[in-house]
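Biologist: Could you bring the model up so that we can go through it together?

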Amino acid sequence: QVQLVESGGGLVQAGGSLRLSCAASGRTFSRYGMGWFREAPGKEREFVTGVSVSGVLYYADSVKGRFTISRDNAKNSVYLQMNSLTPEDTAVYYCAVARRITVTAGSYDYWGQGTQVTVSS
């Protein structure tokens, strides 16, 4: 059994920054990819960014240059630094674990509970 716990969400003004954290428990995840998805009201859950076991980084075009993903295998944790936030970034953000990184939510095995990020104009 794997559990993911997210933190760091909140309310921020446009142009501001936020840092999300995701801590995993139940086992080590050194052999798994970890990623972030987001789900805005009325929209489908979409891929934001991910990091593979080997350290390869992937970013959606909408966040490239503004968001940075990092992982700490020793802590079974993954982080998302979000800068230059816009109202379009408002969504519930989820961390997830998969055998390999893909942009398809259905391919991920475990999910966090989600944390709300709200960006005001």
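Biologist: How accessible is Ser 84, and does it count as buried or exposed?
Modeller: Ser 84 counts as partly exposed, because its relative accessibility is 41%; buried means under 20% relative accessible area, exposed over 50%, and partly exposed in between, with a 1.4 Å probe and protein chains only. Keep in mind that this is a predicted model, where local features need pLDDT of at least 70, side-chain atom pairs count only at pLDDT 80 or more, and totals for chains, interfaces and linings use all residues. Residues are numbered from 1 along each chain as its sequence is written, and side-chain values use heavy atoms, with hydrogens and water left out.

Biologist: Where is Ser 84 found?
Modeller: Ser 84 lies in the loop between strand 8 and strand 9 (91–98), and although Ser 84 is not a glycine, its phi is positive, at about 50°. Strands here are DSSP runs (E, at least two residues), numbered from the N terminus.

Biologist: And what about Asn 76, buried or exposed?
Modeller: Asn 76 counts as buried, because its relative accessibility is 12%. Asn 76 sits in the loop between strand 7 (67–72) and strand 8 (77–82), and has a positive phi of about 50° without being a glycine.

Biologist: Changing topic, in what order do the strands of the open sheet run?
Modeller: Four strands form the open sheet in the order 1-3-8-7, with antiparallel pairing; two strands pair if DSSP finds at least two bridges between them. Strand 1 (3–7) and strand 7 stand at the edges with a single partner strand each, so one side of each has no neighbour in the sheet.

Biologist: How many bridges join strand 1 and strand 3?
Modeller: Strand 1 and strand 3 (residues 18–25) pair over five bridges in the antiparallel sense, and Leu 4 has Ala 24 in strand 3 as its bridge partner.
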